[in-house]
Amino acid sequence: MSLAWPWALAALLVVPLLLLARWWLNRRRRKVAVRVSSIALIRAALPGRSRWQRRIPAALFALGMLALGLAVARPQASLAVPQDSTSILLAMDVSQSMCSTDVPPNRLAAARDAAREFVLAQDDGTQIGLVAFSGISGLLVEPTDDKQALLTAIDNLRTSRGTAIGQAILTSIDAIAEINPAVPPTGVELGSPDAPAPGSYVADTIVVLTDGANTQGVDPVTAAQEAKARGLRVYTIGFGTTEPAPLICSPDQMTAGSGARPEWRGGGGGQRAQLIDEETLGEVAELTGGEYFRAQDAEQLVDVLTDLPGTIVVQKRDVEMTVWFVLAGALLAGTGVGLSLRWNRS
């Protein structure tokens, strides 16, 4: 638990001051005691109260004052809370290695199908954006709840040369900055009063799906540092196996003018081994507070993507507990006063 106004704890001094005043009044009362001929007559006139009946009301009242004093300092608890207005930027690798047939019919087709299931599984109103990257990256669909627009863009994904994972992260950051004023775009000096506090996260999240390693553009870890500075978590997914397999893409999976043929094959007798830079993907996720996942086939990829929202939309956030301390303090103090009046009545 943390306190928004720790200096307000000075209000707790009222409790020892009240106890001191009670002690002084009791002492003064002894000094002005009246002499009587019979103590038994006085005891008979006073209401019968045990020692606990005298102390319990005072203790409850003191506890109530302590709770109210803490309430003034605005206590906050870090709790897991759901985010209803989150946006998810899905950055998909469309490098030519996505033509690999180690995941039938090829990786791009399997990734398309998994992305479609991911979109269709979301609740109405969930904002999803789509970024595609090869040697460059681009925002295909800005964050939207229009599922049909997303599905159309996914079906039109085309492969091209190169893999720019870091640039995809930067593109995703700028896409989020367009809809969330609390997230500064890349290239902007940080330190804005609206920027997230260090160690805290905004609701928006980036998901990077790739089958290889960064080959050009900005380093992924450098891009991840930019995301971290803005409170953005990056979840990474390494897709595919390391088994050599032919690279075969259909005409609707290739960019016009890319130089690739309908049966584009790598060297080595038509086989090409694909290596996923898991170390870098894991570092990117860990640095930003996200998580790295490995999916070796279409079924695992579907499972990872469809399970992601449960991880993404729940995060830690400071929730103010002031009202509960006020209620507890008022209840304790009121109970103490009520018991005192009841047990002291003649």
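**Salt bridges and the disulfide**

The side chains of Glu226 and Arg230 form a salt bridge, with nitrogen and oxygen 2.8 Å apart. The model under discussion is a predicted one. The two partners of this bridge lie in contrasting surroundings. Glu226 has a relative accessible area of 30%, so it is classed as partly exposed. Arg230 has a relative accessibility of 0% and therefore counts as buried, since the limit for that class is under 20%.

Side chains of opposite charge can pair when their charged atoms come close. In this structure the count of such salt bridges comes to six. Another of them joins Arg294 and Glu278, with an N to O distance of 3.5 Å. This pair links distant parts of the chain: Arg294 belongs to strand E8, which covers residues 292-295, while Glu278 belongs to helix H8, and the two are 16 residues apart. Arg294, at 25% relative accessibility, counts as partly exposed. Glu278 is likewise partly exposed, because its relative accessible area is 36%, and the partly exposed class lies between the limits of 20% and 50%. Salt bridges that share partners also join Asp102, Arg107 and Asp211 into one network.

Within that network, the side chains of Asp102 and Arg107 meet in a salt bridge at 2.8 Å, N to O. Both Asp102 and Arg107 are buried.

The discussion now turns to the cysteines. A search of the whole structure finds one disulfide. The bond is formed by Cys99 and Cys249, whose sulfur atoms are 1.7 Å apart; the assignment follows because the cut-off for a disulfide is a sulfur pair within 2.5 Å. This cysteine pair, too, links distant parts of the chain, with the two positions 150 residues apart in numbering. Cys99 is in the loop between strand E3 (87-93) and helix H4 (107-121). Cys249 is in the loop between strand E7 (233-239) and helix H8 (278-288).

The torsion about the S-S bond of Cys99 and Cys249 is about -95 degrees, and the disulfide is therefore left-handed. As for accessibility, Cys99 counts as buried because its relative accessibility is 3%. Cys249 is buried as well, with a relative accessible area of 1%.

Helix H8 appears in both parts of this account: Glu278 of the salt bridge with Arg294 lies in helix H8, and the loop that holds Cys249 runs between strand E7 and helix H8.

Conventions:
Residues are numbered from 1 along each chain as its sequence is written. This is a predicted model: local features need pLDDT of at least 70, side-chain atom pairs count only at pLDDT 80 or more; totals for chains, interfaces and linings use all residues. Side-chain values use heavy atoms; hydrogens and water are left out. Helices (H or I, at least four residues) and strands (E, at least two) are DSSP runs, numbered from the N terminus. Buried means under 20% relative accessible area, exposed over 50%, partly exposed in between (1.4 Å probe, protein chains only). A salt bridge is a side-chain nitrogen of Lys or Arg within 4 Å of a carboxyl oxygen of Asp or Glu.
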